[in-house]
Amino acid sequence: MPLYSYHCTACGQEFELLVRGDDSPACPHCHSAALERLPGAAALPGKTRAAIASARRQAAREGHFSHYSKAEKAKL
Ligand SMILES: [Zn+2]
């Protein structure tokens, strides 16, 4: 069963659904069928944050934050 990412145009939620055959998926939040399928694999918010944090650490190591203020650098 393919796992698809959807955006509900009725309530604005994004979620993943397993879609079987010609089932028409419905929003788990508001049960609307007005869904847009999002391209590609879903980027989970947690994974995205981890990836961004990792990219920031690497950029900091390489000195890409030289334009940041001292207060900003202290947070890195
Ligand atoms: Zn919805």
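Modeller: Before we start, pLDDT is the predictor's confidence in each residue, on a scale from 0 to 100. You'll want that here, since this is a predicted model.

Biologist: Good to know! Where is confidence lowest, and where is it highest?

Modeller: The low end is helix α2, residues 70–75, with a mean of 68. Strand β3 is at the high end, with 91.

Biologist: And what does the protein average?

Modeller: The average pLDDT is 79, and 72% of the residues score at least 70.

Biologist: OK, on to the fold. How many helices and strands are there?

Modeller: There are two helices and three strands. Along the sequence they follow the pattern β-β-β-α-α.

Biologist: What order do the strands take in the sheet?

Modeller: The order is β2-β1-β3, in an open sheet with antiparallel pairing. That leaves β2 (14–18) and β3 (35–38) as the edge strands, each pairing on one side only. Ignoring direction, neighbouring strands are turned by 40° against each other on average.

Biologist: How many bridges join β1 to β2?

Modeller: Five, and the two strands run antiparallel. For landmarks, L3 stands opposite L18 in β2, and Y4 has L17 of β2 as its bridge partner.

Biologist: What about the β1 and β3 side, how many bridges there?

Modeller: Four bridges, again in the antiparallel sense, with β1 covering residues 3–8. Here S5 is bridged to L38 of β3, while C8 has L35 of β3 as its partner.

Biologist: Going back to the hairpin of β1 and β2, how many residues lie between the strands?

Modeller: Five residues, and in that hairpin G12 takes a positive phi near 85°.

Biologist: Which residue other than glycine has a positive phi too?

Modeller: H31 is one, with phi near 65°. That's worth a look, because most residues other than glycine have a negative phi.

Biologist: Where does H31 lie?

Modeller: H31 is in the loop between β2 and β3.

Biologist: Is H31 buried or exposed, and why?

Modeller: H31 is exposed, because it has 10 C-beta neighbours inside 10 Å and the cut-off for exposed is 12 or fewer.

Biologist: What separates the C-alpha atoms of H31 and C11?

Modeller: They are 9.5 Å from each other, with the two residues 20 apart along the chain.

Biologist: Changing topic: of the 76 residues, what share counts as buried?

Modeller: Just 5% of the 76 count as buried.

Biologist: And for contacts with a separation of 6 or more, what share comes from residues 24 or more positions apart?

Modeller: Those pairs account for 31% of such contacts in the protein.

Biologist: Thanks! Which strand should I remember for confidence?

Modeller: Strand β3, with its mean of 91, which is also an edge strand of the sheet.

Technical notes
Residues are numbered from 1 along each chain as its sequence is written. This is a predicted model: local features need pLDDT of at least 70, side-chain atom pairs count only at pLDDT 80 or more; totals for chains, interfaces and linings use all residues. Two strands pair if DSSP finds at least two bridges between them. Axes are lines fitted to C-alpha atoms, for helices over the stretch in contact, and angles run from 0 to 180 degrees between N-to-C directions. A residue is buried if 20 or more other C-beta atoms lie within 10 Å of its own, exposed if 12 or fewer, and partly exposed in between; C-beta atoms are placed from the backbone. Two residues are in contact if their C-beta atoms, placed from the backbone, lie within 7 Å.
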